[in-house]
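Work through the exercises below with the sequence and the model open. Each task is followed by a stepwise solution.

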Amino acid sequence: YMSLEVAFAFREHHWDEPFIKSYVNYIYTIEGGTHVKGLLKGLKNALINYAQKYKPNEIFEFSDESLRSYLVASIHVKIKQPLFHSPTTNRLVSPEVISPISDFI
């Protein structure tokens, strides 16, 4: 069982600091984790698919860093037994959330 809430927008201007707020079961994960990885993977795939559909003769590549610099996002995932990097719950390390989040995006 997994529940997902996500909101995102892209800024017009590049910022040095990414603005991605991430939560797991109402716990703020300051270092992000696999749920953020799934979000970025899904956004990257969606942007590439969109670009290929409307500009089929051009090659587009989006890095995680370029996405993060223009992205404003919040993601909250609720899962039954989250695995965290440490007892401080700063980063989610549950690999099973990546594909469902990426596919949803």
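**Exercise 1. Classify lysine 41: buried or exposed, or in between?**

Solution. Lysine 41 has a relative accessible area of 39%. Buried means under 20%, exposed over 50%, and partly exposed in between, with a 1.4 Å probe and protein chains only. So lysine 41 is partly exposed.

The model is predicted: local features need pLDDT of at least 70, side-chain atom pairs count only at pLDDT 80 or more, and totals for chains, interfaces and linings use all residues. Residues are numbered from 1 along each chain as its sequence is written, and side-chain values use heavy atoms, with hydrogens and water left out.

**Exercise 2. Place lysine 41 in its element and list its contacts beyond four places in sequence.**

Solution. Step one: lysine 41 sits in helix 1, residues 34-54. Helices (H or I, at least four residues) and strands (E, at least two) are DSSP runs, numbered from the N terminus. Step two: outside its neighbours within four places in sequence, lysine 41 contacts Ile98 and Ser102. Contact means heavy atoms within 4.5 Å.

**Exercise 3. Characterise the partner, serine 102.**

Solution. Serine 102 belongs to helix 3, residues 98-104. Its relative accessibility is 8%, so serine 102 counts as buried. Leaving out residues up to four places away in sequence, serine 102 touches Gly38, Lys41, Gly42 and Asn45.

**Exercise 4. Check the span of helix 1 and find what its buried residues pack against.**

Solution. Start with length. Helix 1 has 21 residues and reaches 30 Å from first C-alpha to last. The expected span is 1.5 Å times one less than the number of residues. For helix 1 that gives 30 Å, and the model is close to this value. Next, burial. The buried residues of helix 1 include Gly38, Leu39, Leu40, Gly42 and Leu43. The buried residues of helix 1 pack against strand 1 (2-10), strand 2 (19-24), helix 2 (64-70), strand 4 (71-79) and helix 3.

**Exercise 5. Describe the whole chain: order of elements, size and burial.**

Solution. The protein chain has three helices and four strands. From the N terminus they run β-β-β-α-α-β-α. For 105 residues, a compact globule would have a radius of gyration near 13 Å; the chain has 14 Å, which agrees. That radius is taken over C-alpha atoms, and the globule rule is 2.2 Å times the number of residues to the power 0.38. Finally, buried residues make up 31% of the 105.
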